[in-house]
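Trainee: I am new to this structure and would like to go through it slowly, one question at a time. Could we begin with a single residue and then widen the view?

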Amino acid sequence: MKCSERKIIGNEKLGKDYYLLKYESQFSEKSIVPGQFISISLNSEAMVLRRPFSIFDVNSNVVSVFYKKVGKGTCILAEKKKGELINVLEVLGKGFSFYDKDRSLAVVSGGIGVAPLYFLAKRLRSMEKDVFIYLGARTELELFFEDDLKKMGCSVCVTTDDGSKNICGTVCCGLEPDCEKNNFDRIYACGPKPMLKAVAGVADKANILCEVSMEEVMGCGFGVCLGCAVKIKTKETNPIYKMVCKDGPVFDSQEIDWE
Amino acid sequence: MNDNSIDLTCDLFGMKLKNPVLTASGTFGVGKDFQDFYDINVLGGIVTKTITMNKRDGNKPPRICETRSGIINSIGIQNPGAEKFIKENKEWFSQIKTKLIISVSGNTEEEYAEICALLKEKLEFDAVELNVSCPNIKKGGVSFGEDPDSVERIVRQVKKRTGVYVITKLSPWTHLVKKVAQSAESAGSNALAATNTIPAISVDVKTFKSRIGNVTGGLSGPAIKPVSQKIFYDIVSAVQIPVIGIGGIETAEDALEYIILGAAAVEIGSANMYNPFASKEILDGIEKYLKENNYKSLIEVKGKFSG
């Protein structure tokens, strides 16, 4: 874990409200596990908390972050220019897990949930796994990286909520019918909580192991403030909470109490 | 000591700190994770996350939200319980070369003394900080820290049963702050810490719900500094024992403000969460200020507020 000023080498607008930030990291591609995240200080008097972002890609020591401008914090980030410095706390959390015996893997993305999955797909392809991507977005305009993922050698199934491209519906509309056909050894997913819950349901039904990347408002980012609690399934009457920042953000979907 | 060095030591009447910078409970874990950033032993001491006798699961999420220049939290003192806390951290604590202050809270008045007795039996430490003021766990809607008699009984029991060095961490949320402070003092508290987070709420206009799962929480961060300092000022004027200043300290200047108002030491809280180097930077900044202004020791500025 390191915290320092890092140089921005790009902050490109990829579509309305969507950006790809690149900075020179203190970590290299090999030392980062897909699913791990970094945390950026906005250096703002009003917004004191750091903002966590999934690692989208790493090329040698250049870390990319794919983000959507949703609030005041990401608006500040979107204004950052090449050459400027940003204060980054890196690398945080526990990423996705990998198994030699796995052959066929589903990677399920909802909206901005593609953020940690691109790097995951890249790592899985480097291990010569068969990777099937389910790329869901609200509209075609919010759909990114389809071609890049195809170029990587992934099979890509696109769904849009409004039907502006390919299948009209949620990612599960694409995923569910494929579960048996593609004989998945594991499903990896990231996206909004209701989508993750639905994917976890599909995985349970098809008896496939599933890992999900969760999100919660975060304080410190490394397990000391106990702010980013996520409820864990338990048979006991007392609830069990784990921390997204340290125990996750990647969890076994069966571990989560989806309520 | 050579001529150029600045004397940063603080005498807390029974506990001597090498410098005035402590970490506030719940923002520094047990210090271990901060070793990635700097040697925590340079600090005056660390105050650990509050423990209770039995395990506490913590409050339902969301537990944290940001407000302008501040953070509201309602963690609910999630902790593994005193026995497990001791077992899990004993070895780490034995390596710490600065003051170790264990923050303690109870569901009942008696529980404070029970935990302190257990700690005394099983762990080497320098002081306890009695958290009588967490806004997120309450009995009958009021924290013990809002009731002078309750605070008096808690402190007296802890002192009588264990004799450990006691810091009582006060609540800002009572018009009786001076009275509560004096009760703690007369019961034998060695020092006070002023103050805890300020009860707060944040409303989401999209959902009409609170941004905190437990509805209300405690506000911390730069937003609370002027209010915390006023309460600190009232308290420090009302007692003879050392008072540690807490509330919204982000920079060395913030810390010095408390020291000028009379703080025997300071605790750094939320700033540790968003700047892992905060406590060390504040320590370095205090030393730099003293040097630049030709002071030889912290004592020369402590309590020199001129109104």
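Trainee: What does A:Lys165 count as, given its relative accessibility?

Mentor: The classes are buried (under 20% relative accessible area), exposed (over 50%) and partly exposed in between, with a 1.4 Å probe and protein chains only. The relative accessibility of A:Lys165 is 27%, so this residue counts as partly exposed.

Trainee: Before we go on, what kind of model is this?

Mentor: Residues are numbered from 1 along each chain as its sequence is written, chains are lettered from A and ligands numbered from 1 in the order in which they are written, and side-chain values use heavy atoms, with hydrogens and water left out. Local features need pLDDT of at least 70 and side-chain atom pairs count only at pLDDT 80 or more, while totals for chains, interfaces and linings use all residues, for this is a predicted model.

Trainee: Which residue forms a salt bridge with A:Lys165?

Mentor: A salt bridge is a side-chain nitrogen of Lys or Arg within 4 Å of a carboxyl oxygen of Asp or Glu, and here the closest N and O atoms are 2.7 Å apart. The partner is buried, with a relative accessible area of 13%. The residue that pairs with A:Lys165 is A:Glu146.

Trainee: How many residues apart in sequence are the parts that this pair ties together?

Mentor: Helices (H or I, at least four residues) and strands (E, at least two) are DSSP runs, numbered from the N terminus. A:Glu146 lies in helix α3 of chain A, whereas A:Lys165 lies in the loop between β10 (155–160) and β11 (167–168) of chain A. The pair therefore ties together parts whose separation in sequence is 19 residues.

Trainee: And which residue meets A:Glu142 in a salt bridge?

Mentor: A:Glu142 is buried at a relative accessible area of 16%, and its bridge has an N to O distance of 3.4 Å. A:Glu142 lies in the loop between β9 (130–137) and α3 (146–151) of chain A and its partner in strand β6 of chain A, so parts 74 residues apart in sequence are tied together. That partner, which is partly exposed with a relative accessible area of 22%, is A:Lys68.

Trainee: Turning to chain B, why is helix α6 of chain B described as largely enclosed by the rest of the structure?

Mentor: The elements that cover its buried residues include α5 (225–238), β15 (243–246) and α8 (278–292) of chain B. Among the buried residues are B:Ala252, B:Leu256 and B:Tyr258. The helix, residues 252–261, is called largely enclosed because the buried share of its 10 residues is 7.

Trainee: Which residue of α6 of chain B forms a salt bridge with B:Lys225?

Mentor: B:Lys225 counts as buried at 16% relative accessibility, and the closest N and O atoms of the bridge are 2.8 Å apart. B:Lys225 lies in helix α5 of chain B and its partner in helix α6 of chain B, so the pair ties together parts that are 32 residues apart in sequence. The partner, partly exposed with a relative accessible area of 25%, is B:Glu257.

Trainee: How much area do chain A and chain B bury between them?

Mentor: In contact (heavy atoms within 4.5 Å) are 28 residues of chain A and 31 residues of chain B. Buried area is the accessible area (1.4 Å probe) that two parts lose on being put together, summed over both. Carbon and sulfur atoms account for 60% of the total, which is about 2400 Å².

Trainee: Which residue of chain B forms a salt bridge with A:Lys246?

Mentor: Between chain A and chain B the count is 2 salt bridges. In the bridge of A:Lys246, the closest N and O atoms are 2.9 Å apart, and the partner is B:Asp33.

Trainee: Within chain A, how many salt bridges are found across the interface of domain 1 and domain 3?

Mentor: The domain assignment, which is automatic or from a database, gives domain 1 as 2–92 and domain 3 as 214–259 in chain A. Their C-alpha centres lie 23 Å apart, and about 570 Å² is buried between the two, 72% of it from carbon and sulfur atoms. Across this interface of chain A, the number of salt bridges is 0.
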